[in-house]
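Student: Could you walk me through the empty spaces and the ligand here, and tell me how each label is earned?

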Amino acid sequence: MKISTPLGEFRICKNQNELAFEYARFFQELSASVIARKNVMNIALAGGNTPKTTYGVLSDFYRNKIEWNKIQFYWSDERCVTPDHPESNYLMAKVYLLDRLPIPEGNIHRVFGEQDPEAEAIRYGNLIQRLVPQVSGVPVFDLIMLGMGEDGHVASIFPDQMALFEDASLCAVATHPLTGQKRITMTGRLLHNARNVTIMATGKAKEAVLNDLFNTPDRAALYPVSRLAGGKGKVTWFVDQEICPPSLLNTGT
Ligand code: 6PG
């Protein structure tokens, strides 16, 4: 079911598996259109657990339906850990997607989570500035993929670090509010200028966030995900029925 809302288009799927196939179709259509026009597509991958099923569908069923060698892969955020660490977003994408597809090594631009965080945020931002085509001096991704935490965080912009949406840099160091883990995250400068931003979110544990987003404006403003609607690009949500409050399922609000 597709519903247009002030927060973007919602594609509501029965479950994670249906969401994965819906996302894969979306990704195939978008990549075909972008590559037909520019012969290259610049995307940022999401971390966390939710994308795993979608990455699996893309690698299992879309190997020959997408021109993978024409896609440049970045990350919307990364934990400051080594690339072989179980919490690495790079490792997750490598296992579920990248190693299973014909993607040239040179197309993969991982964050060096093992480096000094401040230095790496600068390095990664400079890399993006250099390689990703710009509009008015700002690199513009064709697609930035995001998940959403139970506190409404996106990438690694947490509720207590919302200033990162206004940060002048392209990437910054964030700190997980519970674990203290350092992260490298894209800032609002990239998130708000991407042509397409997607949010994949599922599960009852996150329903309260969606309920607030649609029904409690005061609380909605406290969730980083609410800030995505202020960007220039198209925002598309891929959610399951469990995360949707009845108001969204019944009236689309
Ligand atoms: C990360 C992600 C983060 C994630 C959300 C949702 O590095 O953890 O970038 O923003 O998308 O925390 O995580 P789950 O998909 O595991 O619920």
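Tutor: Gladly! On a 1 Å grid over the protein atoms alone, a pocket is an open set of points with protein on both sides within 12 Å along at least five of seven lines, a cavity is a set of points where a 1.4 Å probe fits but cannot get out, and lining residues have an atom within 4 Å of a point. This is a predicted model, where local features need pLDDT of at least 70 and side-chain atom pairs count only at pLDDT 80 or more, while totals for chains, interfaces and linings use all residues. Residues are numbered from 1 along each chain as its sequence is written, and side-chain values use heavy atoms, with hydrogens and water left out.

Student: Which residues line the largest pocket nearest its centre?

Tutor: Its lining has 24 residues, and G48, R79, M148, G149 and H153 lie nearest the centre. Strand 5 (77-79) and strand 8 (143-147) each give two or more residues to that lining, and strand 8 has the largest share, with three. Strands here are DSSP runs of E, at least two residues long, numbered from the N terminus.

Student: What makes the ligand count as sitting in the largest pocket?

Tutor: A molecule sits in a pocket if more than half of its atoms lie within 2 Å of the pocket's grid points. The ligand is assigned to the largest pocket, so it meets that rule.

Student: Why is the pair between T50 and the ligand called a polar contact?

Tutor: A polar contact is a pair of N or O atoms within 3.5 Å. A polar side-chain atom of T50 lies 2.6 Å from a ligand oxygen, so the pair qualifies. For R79 the distance to a ligand oxygen is 2.7 Å, and for an N or O atom in the side chain of R183 it is 3.5 Å. The protein buries 88% of the 410 Å² that the ligand exposes when taken alone, by the Shrake-Rupley method with a 1.4 Å probe.

Student: Which residues line the largest cavity?

Tutor: They are L191, H192, A194, V197, L228, G231, K232, G233 and V235. The cavity's volume is about 30 Å³, taken as the space filled by probe spheres set on the grid points.

Terms used:
A polar contact is a pair of N or O atoms within 3.5 Å; within protein, one must be able to donate a hydrogen and the other to accept it, and residues adjacent in sequence count only if both atoms are side-chain atoms. Helices (H or I, at least four residues) and strands (E, at least two) are DSSP runs, numbered from the N terminus.
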